[in-house]
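Hi,

Here is the structure I promised to pass on. Have a look at it first, and then read my notes below.

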Amino acid sequence: MLDFERHYPGARVVILEENYRSTQRILEAANGVIANNTTRKAKTLRTGNAIGPKIDYWLMEEHGVKSAEELEAEMIAREIGIRAPLEKLTRGDFAVLYRTNLQAKPIEEALRAANIPYRVIGGQSFFDRKEVADLVAYLRVIVNPRDEVSLRRIINYPTRGIGRTTLLKLIDAARAAQQPLYETLKRVDTIEGVTRGTGEAVRSFVEMMEEMRLEFHATQAAIEHGITTQRTLVGFVRELVKRVRLEDAVRADNAKSEKAAAVRVEILREFVEGVGRFEERTWAERPPLDEEDDWNPPALRTFLERVSLTDDDDRKEKEEENPDLVTLMTMHSAKGLEFPHVFIVGLEEEILPHSRSMSASAAAEADAEESWQKFELNGGTDPIAEERRLFYVGITRARHRLTLSGCATRRSRENVKPRKPSRFLSEISPDLLDQRAGALTRQSSLSPEESQNFRKNLFADLRKQLQGGG
């Protein structure tokens, strides 16, 4: 585009500056950011729309056992839960944008915990990843052996010599006996057509699952009695992964790429650590003894209910039919789309701008001549300018309300690393922002007037429902 006039002298340039989508404040923020890209056609967006609300900016800090990124995700779920009824919006009116798909996991967890349905666009949901789904299936069967869908998923994974033909015979036998498949596995010796070797493989699988179920029940009983020094849910899940050799199976599945294998193993471990965080948070939220009626100690069943909303295929089919879902996507995937309320998360150095772009930019400064040659070969693309343009795209997806957020620290395993706010935030005029402290877990963006209206509408809706029920 920058070279167009050089290639076509005398071409007439028409600048499209009127924006019909966003409020004035959102456009002022976008203009302030993109003005820092010097190699561009000068353009200032304007609109006839209302000035609109200020842009919320949350800087999240750790609070108790909750990490900053968990609080960032809970803020999003809380804001959606409040703003949707207050502003008469559907869930489909909300979008959460991030730089990379890896940022979606805590957001998915928070939305699931708040029972807010969502869809992931342009990437795979953390909970749909094979390694996670396989472990969830094992846990489901341990909690409920009658879960046939999960049982069929894991019976021969990792491979243990129970092929599809044998599985179909076992399923037919279960149907004929009108009993759960798991009970049929226990009497595999009586099933006609199952070879001796395959029968031994089935018996070994059942024995392993029964041992793990006994260990699970002992762990859950100890937790319910408050004995957590020796048995924990996360300890049990780690032992299950080790016993089943799931990490070895993941590596074998990705044998052609050590990098891919390492990433998938790390995803599996991250899920296991998520069990530990769930357990830790549940204990931390324990009320005084005389107020425990509405509190229960951490339970694997509760954790699974939070991460396993429905069967995957059934959920995906409903997603396609239902537009009333919060949208989660990268900023790259958001180009050309628009939403009444947009959240842009992870506004930190090394996330936006991305660490790769920062490294490329630093290399250019260190070796100007060589880097300039690479710069020209790549079509004149400045890495930081591209990241800024991406942020600009994210900002201009919002029609009415824009919420920005970042974390003061992030956890990596047991380490807590300090974070720096994105340089792009300083390019937005402070007058456009409502800065909010993120350490208070129950804080919302509502003004006193909005809070009053929210309570009034909430009670009115409850009254209407009660009258309708009467």
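Glu 350 sits in the loop that runs between β5 and α15. Keep in mind that this is a predicted model. What caught my eye about Glu 350 is its phi, which is positive at about 85° even though the residue isn't a glycine. Most residues other than glycine have a negative phi, and most peptide bonds are trans. As for its surroundings, Glu 350 is partly exposed, with a relative accessible area of 44%.

Stay in that loop for a moment. Pro 353 is also placed between β5 (339-344) and α15 (355-366), and the peptide bond leading from Leu 352 into Pro 353 is cis, with omega near 5°.

Now go to another loop, the one between α7 and α8 (181-186), where you'll find Gln 178. This is another non-glycine residue with a positive phi, here about 55°. Is Gln 178 buried or exposed? It's exposed, with a relative accessible area of 75%.

There's a second proline to look up as well. Pro 158 belongs to the loop between α6 (148-154) and α7 (164-177). The bond from Tyr 157 to Pro 158 is cis, and its omega is near -5°.

Next, a charged residue inside a helix. Glu 108 is part of α4, which covers residues 104-113. It's buried, yet it makes no salt bridge. How far away is the nearest side chain of opposite charge? That side chain is Arg 112, and it is 4.3 Å away. A salt bridge here needs a side-chain nitrogen of Lys or Arg within 4 Å of a carboxyl oxygen, so the 4.3 Å to Arg 112 doesn't qualify. So what does Glu 108 touch, once you leave aside neighbours within four places in sequence? Its contacts are Tyr 118, Val 120, Ser 125, Phe 126, Phe 127 and Leu 328.

Last stop: helix α11, residues 246-253, where Leu 246, Glu 247, Ala 249 and Val 250 are buried. Try looking down the axis of α11: the buried residues fall within an arc of 160°, so they line one face of the helix. It helps to remember that an α-helix has 3.6 residues a turn, so residues three or four places apart point the same way. And what do those buried residues of α11 pack against? They pack against three helices, namely α5 (130-143), α10 (233-244) and α12 (258-284).

Have fun clicking through it!

Terms used. Residues numbered from 1 in each chain as written. Predicted model: local features only at pLDDT ≥ 70, side-chain atom pairs only at ≥ 80, totals over all residues. Heavy atoms only, no water. Buried < 20%, exposed > 50% of the residue type's maximum accessible area, 1.4 Å probe, protein only. Helix = DSSP H or I, 4+ residues; strand = E, 2+ residues; numbered from the N terminus. Arc of directions from axis to C-beta. Contact = heavy atoms within 4.5 Å. Lys, Arg positive; Asp, Glu negative; His and termini not counted.
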